[in-house]
Structures are given as structure tokens and as C-alpha cells.
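Open the model in a viewer and keep the sequence panel visible. The tour below goes from the whole chain to single residues, one selection at a time.

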Amino acid sequence: MFEGFTQIQVQTSDPEVTINLRYGGTGPGLLLLHGNPLTHVTWHKIAVRHAETFTVMAADLRGYGDSSRPRGRPDHSNYTFQR
């Protein structure tokens, strides 16, 4: 799965959160984002095919798959849409 892709962990501005990312291919960037409650693996069948033309990036959103999530605060402020 994801033949020829590289997997990395990207550190965000939040020290508690890293984002799991797979990327591969050459050309203009194509970012593939999954829906709820899925992960980047959703894209495994088309990512390799698109990598023939694009630099494809498939990420796990914060708190999904292999991406981490921050500890919740009592007021839930770090889980708002703005955050």
C-alpha cells in the first residue's frame, strides 16, 4: 500500500501534536484529506495512480489515524473549529 511513498511525522505549532503524512510523486501538489471517521488510508487506491502526475500528500487529520491530538482542556477551547 502506498508503494513509493515516504511517511513522515510533521510537528505542528502545538508541541503536543504531530501530523502523520505520506507523500510521493512529482509535479504540482495534490493534498488528499479524509472525512470523518476515516484516515489517510482512504486514498491508498488512487494516491499511487495520481503520483504519476502530481506530488501527492495524504495526511491523517489531528486526532485521527497515526496523528496525535492535544489533551483536552476543561473549556474544550483547543477543540474548537477555529483551533
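**Whole chain**

In the protein, 58% of the contacts with a separation of 6 or more are between residues 24 or more positions apart; contact means heavy atoms within 4.5 Å. This is a predicted model, in which local features need pLDDT of at least 70 and side-chain atom pairs count only at pLDDT 80 or more, while totals for chains, interfaces and linings use all residues. Residues are numbered from 1 along each chain as its sequence is written, and side-chain values use heavy atoms, with hydrogens and water left out.

Show the chain as a cartoon. One helix and four strands make up the secondary structure, in the order β-β-β-α-β along the sequence. Helices (H or I, at least four residues) and strands (E, at least two) are DSSP runs, numbered from the N terminus. Along the principal axes, the C-alpha atoms fill a box of roughly 45 × 25 × 20 Å.

Switch to a surface. The protein exposes about 5600 Å², and carbon and sulfur atoms supply 57% of that area; accessible areas come from the Shrake-Rupley method with a 1.4 Å probe, and for residues only the protein chains shown count as cover. Of the 83 residues, 25% count as buried. Buried means under 20% relative accessible area, exposed over 50%, and partly exposed in between (1.4 Å probe, protein chains only).

Colour by charge next. There are 8 positive and 7 negative side chains, with the centres of the two sets 3 Å apart. Lys and Arg count as positive and Asp and Glu as negative, whereas His and the chain ends are not counted; the place of a charge is NZ of Lys, CZ of Arg, CG of Asp or CD of Glu.

**The strands**

Select β1 (6-11) and β2 (residues 18-25). β1 and β2 pair in the antiparallel sense over six bridges, and they form a hairpin with six residues between them. Two strands pair if DSSP finds at least two bridges between them. To find the register, pick V10, which stands opposite I19 in β2.

Add β4 (55-59) to the selection. β2 and β4 run antiparallel and are joined by five bridges. On this side of the pairing, L21 stands opposite A59 in β4.

**The loop between β1 and β2**

Which residues does E16 touch, beyond those up to four places away in sequence? Select E16 in the loop between β1 and β2; E16 touches S68, R69, P70 and R71. At 34% relative accessibility, E16 counts as partly exposed. For a distance across the model, draw a line from E16 to R49: their C-alpha atoms are separated by 34 Å, with the two positions 33 residues apart along the chain counted as separation.

D14 lies in the loop between β1 and β2 as well. D14 counts as buried, because its relative accessibility is 13%. From D14 to V41, 27 residues apart in sequence, the C-alpha to C-alpha distance is 24 Å.

**H34 and its surroundings**

Move to the loop between β3 (29-33) and α1 (44-50), where H34 lies. Is H34 buried or exposed? H34 is buried, because its relative accessible area is 6%.

Turn on polar contacts, meaning pairs of N or O atoms within 3.5 Å; within protein, one must be able to donate a hydrogen and the other to accept it, and residues adjacent in sequence count only if both atoms are side-chain atoms. The side chain of H34 reaches the backbone oxygen of L38 at 3.1 Å. A polar atom of the H34 side chain also lies 2.9 Å from the backbone nitrogen of L61. Leaving aside neighbours within four places in sequence, H34 is in contact with T39, H40, T42, W43, A59, D60, L61 and Y64. A59 in β4 is the residue that stands opposite L21.

Stay in the loop between β3 and α1 and select P37. The peptide bond from N36 to P37 is cis, with omega near 5°.

**Two positive phi values**

Finish with two backbone angles. F2 lies in the segment before β1 and has phi near 60°, a positive value in a residue other than glycine. F2 counts as buried, at 3% relative accessibility.

H76 sits in the segment after β4. Its phi is positive, about 60°, although H76 is not a glycine. H76 is exposed, with a relative accessible area of 54%.
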